[in-house]
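Hi everyone, thanks for coming. Let me put the sequence and the model up on the screen, and then I'll walk you through a few spots.

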Amino acid sequence: MNKIEHIGIAVKSLKESNRLFAKLFGKTEYKIEAVETEGVNTSFFRVGNNKIELLEATEEDSPIAKFIEKKGEGIHHIAFDVDDIETEIKRLQSEGFTVLNKTPKKGADNKLVAFLHPKSTNGVLIELCQEISE
């Protein structure tokens with residue numbers, strides 16, 4: 001793992017949260033994107049060298065909707081940048097971590113992503129991110 005790629009925050013309203021975080025950071029989001037396969041709309045903010053991703057559910061049974069229903073709005077995941085996501089998935093499995101999707105899938109912000117189950121990471125949902133080369 002190279003660095004924290006972003007921190008994901010589950011929100012009820014992307015529009016309202018974009019206004020709130022724009023005030024907090026002193027700048028607006030640089031990208032808004034729908035990830036239909038996950039049932040979410042996302043927006044991204046840059047804060048120095050870091051990124052914050054806001055996630056709003058678009059479907060009642062999406063993972064973000066279930067998260068908000070159970071825990072309320074707040075930090076949903078920490079994402080880490082990796083050079084080779086498939087190699088990293090194999091390494092983490094061999095170390096005993098539970099990988100939720102053994103085959104990377106396309107996520108937001110031009111990334112391939114995979115997740116580690118929070119039960120294997122002290123309650124924190126971990127996302128692996130690899131930039132998709134064009």
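Let me start with a question: are Phe-21 and Phe-45 buried or exposed? Both Phe-21 and Phe-45 turn out to be buried. Before I go on, please keep in mind that this is a predicted model.

So, the aromatic rings. Searching the whole structure turns up 4 aromatic pairs. One of them is Phe-21 with Phe-25, a tilted pair with 5.7 Å from centre to centre and 45° between the planes. Both of these residues sit in helix α1, which covers residues 14-25, and they are 4 residues apart, about one turn of the helix. Phe-21 has a relative accessible area of 12%, so it counts as buried, given that the cut-off is under 20%. Phe-25 comes out at 23%, which makes it partly exposed.

Phe-21 has another partner. Its ring and the ring of Phe-45 have centres 6.3 Å apart and planes at 45°, so this pair is tilted. Here Phe-21 is in helix α1 while Phe-45 is in strand β3, residues 40-47, so the pair ties together parts that are 24 residues apart in sequence. Put it together and Phe-21, Phe-25 and Phe-45 make up one aromatic cluster.

While we're on rings, have a look at Tyr-30. Arg-46 lies over the face of Tyr-30, 4.3 Å from the ring centre.

Next, the nonpolar cores. In soluble globular proteins, nonpolar side chains tend to be buried together. Which residues make up the largest nonpolar core here? There are 10 of them: Phe-80, Val-82, Ile-85, Ile-89, Leu-92, Val-99, Ala-114, Leu-116, Ile-126 and Leu-128. Helix α3 (85-94) and strands β7 (111-116) and β8 (126-131) are the elements that give two or more residues to this core. The most comes from α3, with 3 residues.

If you want one residue to click on, try Ile-85. Not counting residues up to four places away in sequence, Ile-85 touches Pro-104, Leu-112, Val-113, Ala-114, Leu-128, Cys-129 and Gln-130. There's also a second, separate core of 9 residues, and among them are Ala-10, Val-35, Leu-55 and Ala-108.

A quick stop at Leu-125. You'll find Leu-125 in the loop between β7 and β8, and at 13% relative accessibility it counts as buried. Setting aside neighbours within four places in sequence, Leu-125 is in contact with His-76, His-77, Ile-78, Leu-100, Phe-115, Leu-116 and Pro-118.

Now the charged residues. Side chains of opposite charge can pair when their charged atoms come close. How many salt bridges does a search of the whole structure find? The search finds 9.

Let's follow some of them, beginning at Lys-111. Where does Lys-111 stand on accessibility, buried or exposed? At 4% relative accessibility, Lys-111 counts as buried. Lys-111 forms a salt bridge with Asp-109, and the closest N and O atoms there are 3.9 Å apart. Lys-111 also forms one with Glu-131, where the closest N and O atoms are 2.6 Å apart. Glu-131 belongs to strand β8 and Lys-111 to strand β7, so this pair ties together parts 20 residues apart in sequence. Glu-131 itself is partly exposed, at 41%.

Elsewhere, Glu-33 and Lys-31 meet in a salt bridge at 3.9 Å, N to O. Lys-31 is partly exposed, with a relative accessible area of 27%. And here's the bigger picture: salt bridges that share partners join Glu-5, Lys-31, Glu-33, Lys-51, Asp-109, Lys-111 and Glu-131 into one network.

Glu-5 deserves a moment. Glu-5 lies in strand β1, residues 3-11, and at 8% relative accessibility it counts as buried. The side chains of Glu-5 and His-6 are joined by a polar contact of 2.6 Å. Leaving out neighbours within four places in sequence, the contacts of Glu-5 include Lys-51, Phe-80 and Lys-111.

Last stop: the backbone. Most residues other than glycine have a negative phi, and most peptide bonds are trans. Asp-109, though, has a positive phi near 60°. Asp-109 sits in the loop between β6 (105-107) and β7, and it is buried, with a relative accessible area of 9%. Asn-110 is in the loop between β6 and β7 as well, and its phi is positive too, at about 60°, although it is not a glycine.

Notes
Residues numbered from 1 in each chain as written. Predicted model: local features only at pLDDT ≥ 70, side-chain atom pairs only at ≥ 80, totals over all residues. Heavy atoms only, no water. Phe/Tyr/Trp six-rings, centres within 6.5 Å; stacked < 30°, edge-to-face > 60°. Buried < 20%, exposed > 50% of the residue type's maximum accessible area, 1.4 Å probe, protein only. Lys NZ or Arg CZ within 6 Å of the ring centre and 35° of its normal. Core = buried A, V, L, I, M, F, W, Y, C linked by side-chain atoms within 4.5 Å. Contact = heavy atoms within 4.5 Å. Polar contact = N/O pair within 3.5 Å; in protein donor to acceptor, adjacent residues only side chain to side chain. Salt bridge = Lys/Arg side-chain N within 4 Å of Asp/Glu carboxyl O.
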